[in-house]
Amino acid sequence: MPNLLLELFSEEIPARLQGRAADDLAKLMTEALTKGGLTVGATRTLSGPRRIVFIADDVPAHSAATVEERKGPRTSAPAKALEGFVKAAGLTSIDEAQVVKDPKGDYYLAKSEKPGRAASDIIAEAVPEIIRKFPWPKSMRWGTGRLRWIRPLHSILCLFDDKPVAFEVDGIRSGDITFGHRFLSGENITQPKVVKIDYISDYAETLMHAKVVVAGEHRAKVILEGAHTAASDAGLALVEDHGLLAENAGLVEWPVVLSGQFEESFLDVPEEILMTSMKAHQKCFSLRSAKTGKLANRFILVSNLEAEDGGKAIVAGNERVIRARLSDAKFFWENDRKRPLEGLTALLGQVTFHEKLGTQLERVERIKALARELAPIVGADPDDAKRAAHLAKADLMSETVGEFPELQGIIGRYIALAQGEKPAVADAIAEHYKPQGPSDAVPTAPVSVAVALADKLDMLVGFWAIDEKPTGSKDPFALRRAALGVIRIVLENGLRVNLTNAFERQAREFQHDLARIRGDTSRGRSSVPIEIAPDLSHVVWNLLPFFADRLKVYLRDQGARHDLIDAVFALPGQDDLLMVVRRVEALGRFLETDDGKSLLALVRRALNILRIEEKKDARAFDGEPAAKLLKEAEEKALASAVKAVGKDVRAALATEDFEAAMAALAKLRAPVDAFFDKVTVNADAADIRENRLTLLAQIRALTLDIADFSKIEG
């Protein structure tokens, strides 16, 4: 079957938007073709600085014919109703309609066959609508036209079955042509080569001859291989940066890798500052010594030109710009290292963290108190944790972080070391923001862990207190990331942290701050009104389910079952994340055994019986079953087993030996199975029935010491 190619060619598209735009184009085109009755085979997208491309394989030449049915009035309806139906259905007379027999009254049914349409017609109708309504985050108009696009749209290449599909959008006619490299393909730089595409299969190769590498992953590969080669030739090692690689691949159509250098004197500046400056301002890769690992005074740049001089002028121009940028960075750094962190911390009182949560300095005070309290739990020195928390946000007031916000914490660490702070304190300043994403490492040094946890817990409690929780896909304050950060820090460091205590403690701090700010604004505190409910107990109970949801996400990525997390979190007091995970893991292993699977089925049967009978009797069957009412051998054996197993389970749970608790629970399988096989629960005698239901309730109570089995799926 034929293939489809659609290319939208424009002025330069921001690199960060190219991949998303190509995906949006594929989604919209696939939906439009499907709606038009065309099945679509494999699809793929391409994107670059000046074009987004959609290619679909095996698109039928015509849509299938369809039969439409229109239900009409009853056969006994007035003539006017029948005339209206005939007209609406496109019939010449009512005799062309079919009479359908129906007990409620016979009625007319009109059937009309709708012939299939040519795929080219469907495409020509769909593409202009997609272009006009394309979901760019931002768009612009140009000239006198009404069309909006990310940058001025110049041409539309649309081929179906290797033939042009004709349509027009705001004066732009579709066809079989595109354009080559802006500078390298034409006779002069003002006239890029017009490229005619004869066959869809030759699209990428044809553009390659016009100095355009159309596939982004191909451009990235060329850049990476060239950068490694250039680094190796200089006896250095490339500092790989996947984000920078993707950005460079989105900036050039014909990547040419070049190498430059800067003065060695700049190496006195912390390497993070140099690397960030070169990356942010010139999109350059950094290089290290292959032997020492230290930053080298060289860089890799990616050009979009094959220059006649081999790139010497391009390199020289980049060296001039980088020299100026690094001079600025060095100036900022030298100024910052002269300023005491204590003074920078004091300036945080002039910065509002959030209009309802006060200043950054007020937040630092809360983090200090919590970090000191968490310190013994994580094995940190309380004074070091307090000191690190006190200085953790100071570099937000530095000139370097003002220029490069991504260096917050890192700059604070360098200044702290230069001013004689303990290494553990300085490291905590840099690491307390971690982890900042799923691939980022968590802090492991005790002081860093204490401050990182305090920072994230304070943020979560604060925004919950003012009811600024994430909603749907919106999470402007990155609270989901903060919660996942707490989870990863706790689990990957094997920590026992009572979340309820931490939440309650910070809630009290917020209440204390509120009273202090409202009652005394003469002590240098901010007078920003903080809107916090007088009773913040709801914060704790709302935050725990939020952590449960985040834990599900984390454990699901690790291969755990979400229903087991629900079953454990349903128990009261489950605020120790490490114990929750260990319980979930033990429960998962238990349910993979034959004993576990069989016992789950039996317990679920017991729970269902109890649910039905307790609803019928409007009461719960609690307490101890009466020994004198145990008539059958199987129920006597079960009652005895429940007592023995209960004792073993509670003993195992007391020592947090979840494996032993599961092993003890497995001993119930045989007596429960025998009970259901031989004993009728709903006996005729009311007292016997009640006693047997009470025995089942004991099984429920026993399993609830481990997990809520009613929440475990099948």
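How many disulfides does the count come to in this chain? Taking a disulfide as a pair of cysteine sulfur atoms within 2.5 Å, the count comes to zero. The views below are of a predicted model, in which local features need pLDDT of at least 70, side-chain atom pairs count only at pLDDT 80 or more, and totals for chains, interfaces and linings use all residues. Residues are numbered from 1 along each chain as its sequence is written, and side-chain values use heavy atoms, leaving out hydrogens and water.

**View 1. The whole chain, with 25 helices and 18 strands.** Helices (H or I, at least four residues) and strands (E, at least two) are DSSP runs, numbered from the N terminus. The radius of gyration is 35 Å, well over the 27 Å that the globule rule gives for 714 residues, so the chain is more spread out than a compact globule. That radius is taken over C-alpha atoms, and the rule is 2.2 Å times the number of residues to the power 0.38. Along the principal axes, the C-alpha atoms fill a box of roughly 105 × 100 × 55 Å. Of the 714 residues, 48% are buried, with buried meaning under 20% relative accessible area, exposed over 50%, and partly exposed in between (1.4 Å probe, protein chains only). Among contacts (heavy atoms within 4.5 Å) between residues at least 6 apart in sequence, 68% join residues at least 24 apart.

**View 2. Two buried cysteines, Cys158 and Cys284.** Cysteine 158 has 0% relative accessibility and therefore counts as buried. Cysteine 284, at 1% relative accessibility, counts as buried too.

**View 3. The three-stranded open sheet β4-β6-β5.** Pairing in this sheet is antiparallel; two strands pair if DSSP finds at least two bridges between them. β4 (66–74) and β5 (98–100) stand at the edges with a single partner strand each, so one side of each has no neighbour in the sheet. From one strand to the next, the twist averages 35°. Look along β4 and β6 (residues 107–114) and you will find seven bridges joining the two. Glutamate 69 has lysine 111 of β6 as its bridge partner. Helix α2 (residues 79–89) lies across β4 and β6, at about 170° to β4. Axes here are lines fitted to C-alpha atoms, for helices over the stretch in contact, and angles run from 0 to 180 degrees between N-to-C directions.

**View 4. Strand β10 with its partners β7 and β9.** β10 (residues 172–175) pairs in the parallel sense with β7 (residues 153–160), over two bridges. Here isoleucine 156 stands opposite serine 174. With β9 (residues 168–169), β10 runs antiparallel, and two bridges join the pair. Glutamate 168 faces arginine 173 across that pairing. β9 and β10 form a hairpin with two residues between them, and aspartate 170 in the turn has a positive phi of about 50°.

**View 5. The four-stranded open sheet β13-β15-β16-β14.** This sheet also has antiparallel pairing. Its edge strands, β13 (236–238) and β14, each pair on one side only. Neighbouring strands are turned by 35° against each other on average, direction ignored. Three bridges join β13 to β15 (residues 285–289), with leucine 238 opposite leucine 287. Another three bridges link β15 to β16, where phenylalanine 285 stands opposite isoleucine 300. These two strands, β15 and β16, form a hairpin with five residues between them, and glycine 293 in the turn has a positive phi of about 80°. On the other side of β16, six bridges pair this strand with β14, and valine 256 stands opposite serine 303.

**View 6. Helix α8 (residues 312–337) lying across β14 and β16.** The 26 residues of α8 reach 37 Å from first C-alpha to last, close to the 38 Å expected at 1.5 Å a residue; the expected span is 1.5 Å times one less than the number of residues. α8 runs at about 125° to β16. Its buried residues include Ile322, Leu326, Ala329, Phe332, Trp333 and Asp336. An α-helix has 3.6 residues a turn, so residues three or four places apart point the same way. The buried residues of α8 pack against β14 (256–261), α7 (271–282), β16 (295–303), α12 (399–403) and α13 (410–418).
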